[in-house]
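Biologist: I'm new to this structure and would love a close look at one part of it. Could you walk me through it slowly, explaining the terms as you go?

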Amino acid sequence: MFKKTTFAAALLAATVMSGMASAKTFVYCSEASPEGFDPGLYTGGNTFDATAHPIFNRLLEFKKGTTEVEPGLAESYEVSDDGLQYTFKLRPGVKFHTTEYFTPTRDLNADDVIFSYERQWKADNPWNKYVEGGSWEYFAGMGFPDLLQSIEKVDDLTVKFTLKRKEAPFLANVAMPFASIVSKEYADKLQADGKMNQMNQLPVGTGPFTFVGYQQDAVIRYKKNAEYWGEAPKIDDLVFAITTDASVRYQKLKANECQLIPYPNAADVAAIKADPNLKVSEQEGLNVAYLAYNTLTPPFDKVEVRKALNQAINKQAIVDSVFQGAATVAKNPIPPTMWSYNDAVEDDKYDPEAAKAALEAAGVKDLQMKIWAMPVARPYMLNARRAAELIQSDFEKVGVKVEIVSMDWGEYLEKSSAKDRDGAVILGWTGDNGDPDNFLDTLLGCDAVGGNNRAQWCNQEFDDLVTKAKEASDQAERTKLYEEAQVVFKREAPWATLDHSLAIVPMRKNVEGFVQSPLGDFTFATVDIVE
């Protein structure tokens, strides 16, 4: 069971602690509940914010505010001349968290690294299916099962990965949340005690904060890891106050009940900027929002139907209504800020009359469909319900009747992956590693069908281009291949690309040290409150 604490008690603790000269509490009003606490099992950014970033580390990390990798749990690495072997030297003396439910007897070593990958990789590993219905969606979607040849322990502090093929984004991939390193010693204890599910409820990592407790849909509490191998956090206690409504988040920020919030209502941004007690950080988001058709089910299996529906959507109206203009219309599946973006691609022109004629020519009459609308705000889509209503209105103008459906966020992510899912789903992506592969292959590759590929779209021409790009070491060659892949994508239209948004992060004026991530992460290891 989760160790629970009441929301009122957490905020009381925050108030008391913040009044002590020797302790500081930072409250983050997060937008959604985590799906669990084992980051390998999930793909949601809010889950990574609550798990991978405060609790865990990876072999390599992304340098704050960039997409560059730097040493993490591995203090160095070597790559063989043929590009197939990566040897990581682990940092000595790294401690796993000591908690009320686990006390480690040894430091991090190679066994932990191998276990962290093999549990996701090998079907015969006892931890491969330890959560009922769970899957290693990201590990599979990134193509790791087909990429890895072997992972070997050279010595206690040296691990060698051998790949079946060259993989240009490999180093960036091992810095991603799904590749977080967990404790094999803790896993062995849970297995021996018959409590394997606790791995996903009571996490143990090496990160800057130690997990204290979680009250479902209300609050998560962490404390500073006094034995952290990196720079010690400046705050003593971290609280995630789960606040799904953007207006309520804003009110809590104004009242100083939380010090930083994600995803404000676009209509509130001007008032936030005018408030002398608040400030904002903003940057172009490395993101895309989309409407993914299920290309395995009629009539969405016909490209002419998908293209026609795309012509019916007034995307500028979505940007104006949902984002108050703080976004741009998307035409490609990668954002304009990413290398290899193909600006020569022409977007589907908004033309309802042409859309209606194209549907009739395709033999589609009296089409009724569902549009799935996310229940939470994400950086790429602040209000999916409003966007769905606008698309619903657009589709009605061309004779298509739409039912808007939604559900709990965790259920939404799980069910929208199903190959037999009905209708089209609004979703999106913020890049996890700064590489085009993380969009094009992760979201649209054949390996990701049934997972991150919500369009269930497997196009061999596209897949071959993206695979070749992964294996090429020259960035100019990779760019050319990705540009060609974007042309195929636009021709086949598995998605209606909707927008790329500006990422805006409001916070109290006295917050220092928060570094906005181009990857959309919310991390607090360097945050401070200055009175």
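Biologist: Which order do the four strands of the open sheet with mixed pairing have?

Modeller: Happy to help! This is a predicted model, in which local features need pLDDT of at least 70 and side-chain atom pairs count only at pLDDT 80 or more, while totals for chains, interfaces and linings use all residues. Residues are numbered from 1 along each chain as its sequence is written, and side-chain values use heavy atoms, with hydrogens and water left out.

The order you asked for is β1-β10-β9-β8, in an open sheet with mixed pairing. Strands here are DSSP runs of E with at least two residues, helices are runs of H or I with at least four, and both are numbered from the N terminus. Two strands count as paired if DSSP finds at least two bridges between them. In general, strands of a sheet pair through backbone hydrogen bonds, either parallel or antiparallel.

Let's start at the edges. β1 (25-28) and β8 each have a single partner strand, so one side of each has no neighbour in the sheet. From one strand to the next, the twist averages 20 degrees; such angles run from 0 to 180 degrees between N-to-C directions, using axes fitted to C-alpha atoms, for helices over the stretch in contact.

Now go through the sheet from the β8 side. Strand β8 (residues 209-215) runs antiparallel to strand β9 (residues 219-224), and six bridges join them. The two form a hairpin with three residues between them, and D217 in that turn has a positive phi of about 60 degrees. Within this pair, F211 has Y222 of β9 as its bridge partner. On the way to the next strand, Y222 also stands opposite L238 in β10. β9 and strand β10 (residues 237-241) are likewise antiparallel, with five bridges. The parallel part of the mixed pairing comes at the other end, where four bridges join β1 to β10. There, T25 stands opposite D237 in β10.

Some residues of these strands also belong to a core. A nonpolar core is a set of buried Ala, Val, Leu, Ile, Met, Phe, Trp, Tyr and Cys residues joined through side-chain atoms within 4.5 Å. Buried means under 20% relative accessible area, exposed means over 50%, and partly exposed lies in between (1.4 Å probe, protein chains only). The largest nonpolar core has 154 residues, and Y117, F161, M381 and F395 have the most contacts inside it. A second, separate core of 12 residues includes V219, A241, L253 and I272. V219 lies in the β9 range of 219-224, and A241 in the β10 range of 237-241. In soluble globular proteins, nonpolar side chains tend to be buried together.

For a wider setting, the chain has 18 helices and 19 strands in its secondary structure. Its radius of gyration, taken over C-alpha atoms, is 23 Å, close to the 24 Å that the globule rule (2.2 Å times the number of residues to the power 0.38) gives for 531 residues, so the chain is as compact as a globular protein of that length. Buried residues make up 59% of those 531 residues. The C-alpha atoms fill a box of roughly 70 × 55 × 45 Å along the principal axes.
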